[in-house]
Amino acid sequence: AAYVRNSNAAEGLALINRFLQNKPEKLSHFLFYFLKAQIHVQLGEKKEALTCIEKCVELNPYFEQGWLLSALLNELAGKLEQAIAGYQNFLGIVGHDKMVEQQILNLMIKKEQQKLLPFNYSLFDKALEQYHQKKINAALNTLNNYLA
C-alpha cells in the first residue's frame with residue numbers, strides 16, 4: 001500500500017508477488033490477491049486484475065468487496081453473465097443494496113437487448129453520456145439515429 005501511495009504501483013505489485021511465491025497458499029492470502037487486482041486496475045491491466053480477483057473470491061467467497069470488484073471487472077470486459085453473478089454474490093453477503101440491485105437490472109436489460117438487436121455500444125454510450133450531461137434532446141437524437 002505504501003508503494004501505491006507513493007506512485008510506485010509496479011514495485012508494490014512485485015513485492016506482493018515475491019511474498020506469494022515464497023509462502024504456501026493460505027486462505028488468508030485472498031487479501032493480497034484483492035490488492036493485486038486493485039493495482040492492476042490502477043495500471044490499466046484489466047485482464048490481469050480479473051485473474052487476481054477471481055483467485056481472491058476463490059480463496060474467500062464471503063469477501064463482499066471481492067465480489068463487487070469481480071462484477072465490475074467482468075462488466076467492463078463485456079462478460080454480462082459473470083458480472084450479474086458477481087453482483088448477486090455480493091448481495092447474497094450484504095443483503096439489500098439499491099444501487100447494486102439497479103445495476104443487475106440494467107445488465108439484465110442490456111443482455112436481453114443484445115439478443116434482440118445488433119447493439120451499437122458507441123452510440124449507446126454517447127447517448128448515455130449526453131443524458132448524464134442533461135442534454136436530453138441530444139441523447140434522444142442519438143438514440144433515434146441508432147434505431148433508424
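## Cysteines, rings and charged pairs

Cys52 is buried, with a relative accessible area of 7%. Keep in mind as you look around that this is a predicted model. Cys56 is buried as well, at a relative accessibility of 0%.

With two buried cysteines in view, a bench reader may well ask about a bond. How far is the sulfur of Cys52 from the closest cysteine sulfur? That closest sulfur belongs to Cys56 and lies 9.3 Å away, which is too far for a bond. Starting from Cys56 leads back to Cys52, again at 9.3 Å and again too far. A disulfide needs the two sulfur atoms within 2.5 Å, and the count for this model is zero disulfides.

### How confident is the prediction?

Across the chain, the mean pLDDT is 89. A value of 70 or more is reached by 96% of the residues. Confidence is highest in helix H4, residues 46–59, where the mean is 96. At the other end of the range is H8, where confidence is lowest, with a mean of 79. H8 will come up again below, in the surface patch.

### Aromatic pairs

How many aromatic pairs does a search of the whole structure find? There are three. One of them joins Phe19 and Phe32, whose ring centres are 4.6 Å apart and whose planes meet at 35°, so this pair is tilted. The two partners come from distant parts of the chain, with Phe19 in helix H2 (residues 9–22) and Phe32 in helix H3 (residues 30–42), 13 residues apart.

Another pair brings together Phe30 and Phe63, with ring centres 4.9 Å apart and planes at 65°, so the geometry here is edge-to-face. This pair also links distant parts of the chain: Phe30 sits in helix H3, while Phe63 is in the loop between H4 and helix H5 (64–76), 33 residues away. Phe30 and Phe63 also belong to a cluster, in which ring pairs link them with Phe34.

Are these four phenylalanines buried or partly exposed? The table sets them side by side.

| Residue | Relative accessible area | Class |
|---|---|---|
| Phe19 | 28% | partly exposed |
| Phe32 | 29% | partly exposed |
| Phe30 | 16% | buried |
| Phe63 | 13% | buried |

The tilted pair therefore has two partly exposed partners, Phe19 and Phe32. In the edge-to-face pair, by contrast, Phe30 is buried and so is Phe63.

### Salt bridges

Side chains of opposite charge can pair when their charged atoms come close. In this model the count of salt bridges comes to four.

One of them joins Glu11 and Arg18, with 3.6 Å between the closest N and O atoms. Glu11 is partly exposed at 29% relative accessible area, and Arg18 is partly exposed too, at 40%.

Lys55 and Glu25 form another salt bridge, with an N to O distance of 2.9 Å. Lys55 lies in helix H4 and Glu25 in the loop between H2 and H3, so the contact ties together parts of the chain that are 30 residues apart in sequence. It is worth turning the model to find Glu58 here, since Glu25, Lys55 and Glu58 are linked in a network of salt bridges.

Further along, the side chains of Glu81 and Lys111 meet at 2.4 Å, N to O. Here too distant parts of the chain are linked, with Glu81 in helix H6 (residues 80–94) and Lys111 in helix H7 (residues 98–116), 30 residues apart. Glu81 is partly exposed, with a relative accessible area of 46%, and Lys111 is also partly exposed, at 21%. A residue counts as buried under 20%, so Lys111, at 21%, falls in the partly exposed class.

### A nonpolar surface patch

Which residues form a nonpolar patch on the surface? They are Leu128, Tyr131, Ile136 and Leu140, and together they offer about 360 Å² of accessible area. Two elements give two or more residues each to this patch, namely helix H8 (121–132) and helix H9 (136–147). Leu128 has its place in helix H8 and is partly exposed, at 37% relative accessibility. When you inspect this patch, remember that H8 is where confidence is lowest in the chain, at a mean of 79.

Terms used: Residues are numbered from 1 along each chain as its sequence is written. This is a predicted model: local features need pLDDT of at least 70, side-chain atom pairs count only at pLDDT 80 or more; totals for chains, interfaces and linings use all residues. Side-chain values use heavy atoms; hydrogens and water are left out. Buried means under 20% relative accessible area, exposed over 50%, partly exposed in between (1.4 Å probe, protein chains only). Patches are made of residues with over 30% relative accessible area and no salt bridge: like charges are joined within 9 Å, nonpolar side chains (Val, Leu, Ile, Met, Phe, Trp, Tyr) within 5 Å. Accessible areas come from the Shrake-Rupley method with a 1.4 Å probe; for residues, only the protein chains shown count as cover. Helices (H or I, at least four residues) and strands (E, at least two) are DSSP runs, numbered from the N terminus. pLDDT is the predictor's confidence in each residue, from 0 to 100. Rings of Phe, Tyr and Trp (its six-membered ring) pair if their centres lie within 6.5 Å; planes under 30 degrees apart count as stacked, over 60 as edge-to-face and the rest as tilted.
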